[in-house]
Amino acid sequence: MSVGIGRILTHLRDFGPTSRANLARETGLSSAGVTKICASLDEAGLLRESASKETALGRPATEVSIHPQGGYVLAIHLSPVRAHVAVCNLAMQVLSEDTVDYGASASETDVVERAVAVARGVVTAARIPFDQLLGVGVGVPGSVDEEGRINTHSVLAGWRNVPFAKMFEAALGLPAILSHNATAIAIAEARYGAWKGSESLLYLLLGKGIGGGYVKTGAHERTSIVEIGHVVVDPNGPLCRCSGTGCLERYFSEAPLRQMVGRDDIPSSQLISTAMQVEGWSEIYEYFVQALATTVTLLGPETIVLGGDFLTAPDHFVAELRKDLPPRVMPQQRANLAIERASLATPSGVQGAACIALDTFFFSSGPAHLGRSSNHANRA
Ligand SMILES: [Zn+2]
């Protein structure tokens, strides 16, 4: 039954309110199966019925949709220096949020303790019972093992094989799942953002580093971390944190951009506009376009979504990229390539973490308590 629940929930997430009859057609489940699953979802307070719509035959058809307040997830975005924590509902709306700075020298245990303290405050502020939380999504700056349990390597934070999922589970008593931050945001943009419907999406995050995430949507969804910041743009360049030399990140991320401009105090929101006026800009912009063209040639995304400090880049930056990038990729990739700014609220790290938590603890097979009671009912 849980597979059927997952199919129904994901259909409602991706296509919005619809009739039970249409759900049966679109998911390939039997009408009786859909009716039964909808009844159990309804009983658990996860569905709501909306105003009837006239059908072609003039008969009213009641539509069902997911009740946004049917459950909640905790979303935690860990950067190397700060945690951003939010409680989100089933429509991925943020109910309450807060941040805590722990600084670059905090131990992994400190990071978890500080984030958990903020999480408890955020849940209280959201005025929801703790037992309505389905789980915790944690976005981290680096690679994650296949099960979403361990932050295997974060070049930026210096974290190696940190079992964050286990640590948050022990502290909060809720199931937890980890994801690479930019990949999680890419998925969130593809599910909930303005570029929903794109067959494939590359999300770029410019900040302390420059990283990305890729998602190919559809029945055989696949995702991957995109380490564009460690594409070598000058083999004779300076040493990088990753132990390579001349990586894009050594030229095109916050610290080197500030250094090029010669001012440490420039807010990140003005970084690109200021850097564009400096003499060295054309050289590092060329590095960026080169690395991005290679990335696009290999992955072939339909949409490139610019996030982080790119969000506040001036319009002529985006216009130039739209002009300069397409000639450097394959003709078939060029034809439909869209370059857009991110559409989710910023900072979007928590939205990515919330999206992963909702995918894992709700949309894949319904909430755990529902699956258990359904299985129980099936056996009875
Ligand atoms: Zn590197």
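Let's start with one spot: Y203 stands opposite G213 in β13. Keep in mind that you're looking at a predicted model. That facing pair belongs to a bigger pattern, in which strand β12 (residues 200–206) and strand β13 (residues 210–216) run antiparallel and are joined over seven bridges.

Now zoom out to the sheet. β12 and β13 are two of five strands, and if you walk across, the order reads β14-β13-β12-β15-β16. It's an open sheet with mixed pairing. In general, strands of a sheet pair through backbone hydrogen bonds, and they can do so in parallel or antiparallel fashion. At the edges here you'll find β14 (222–226) and β16 (338–341); each has a single partner strand, so one side of each has no neighbour in the sheet. Going from one strand to the next, the twist averages 20°.

Next, look for the helix on this sheet. α6 lies across β12, β13, β14 and β15 (303–308), and its direction makes an angle of about 45° with β13.

Where does all this sit in the whole chain? The domain assignment splits the protein chain into domain 1 (2–66), domain 2 (70–184 + 348–363) and domain 3 (194–341). Measuring between C-alpha centres, domain 2 and domain 3 are 25 Å apart. Where they touch, domain 2 brings nine residues and domain 3 brings 13 residues. Helix α6 turns up again here: spanning residues 181–192, this helix gives the most to domain 2's side of the contact, with three residues. And what is that side of domain 2 made of, by residue type? Five residues are nonpolar, four are polar and none is charged.

Terms used:
Residues are numbered from 1 along each chain as its sequence is written. This is a predicted model: local features need pLDDT of at least 70, side-chain atom pairs count only at pLDDT 80 or more; totals for chains, interfaces and linings use all residues. Domain bounds come from an automatic or database domain assignment. Two residues are in contact if their C-beta atoms, placed from the backbone, lie within 7 Å. Helices (H or I, at least four residues) and strands (E, at least two) are DSSP runs, numbered from the N terminus. Ala, Val, Leu, Ile, Met, Phe, Trp, Tyr, Cys and Pro count as nonpolar, Asp, Glu, Lys and Arg as charged, and the others, Gly among them, as polar. Two strands pair if DSSP finds at least two bridges between them. Axes are lines fitted to C-alpha atoms, for helices over the stretch in contact, and angles run from 0 to 180 degrees between N-to-C directions.
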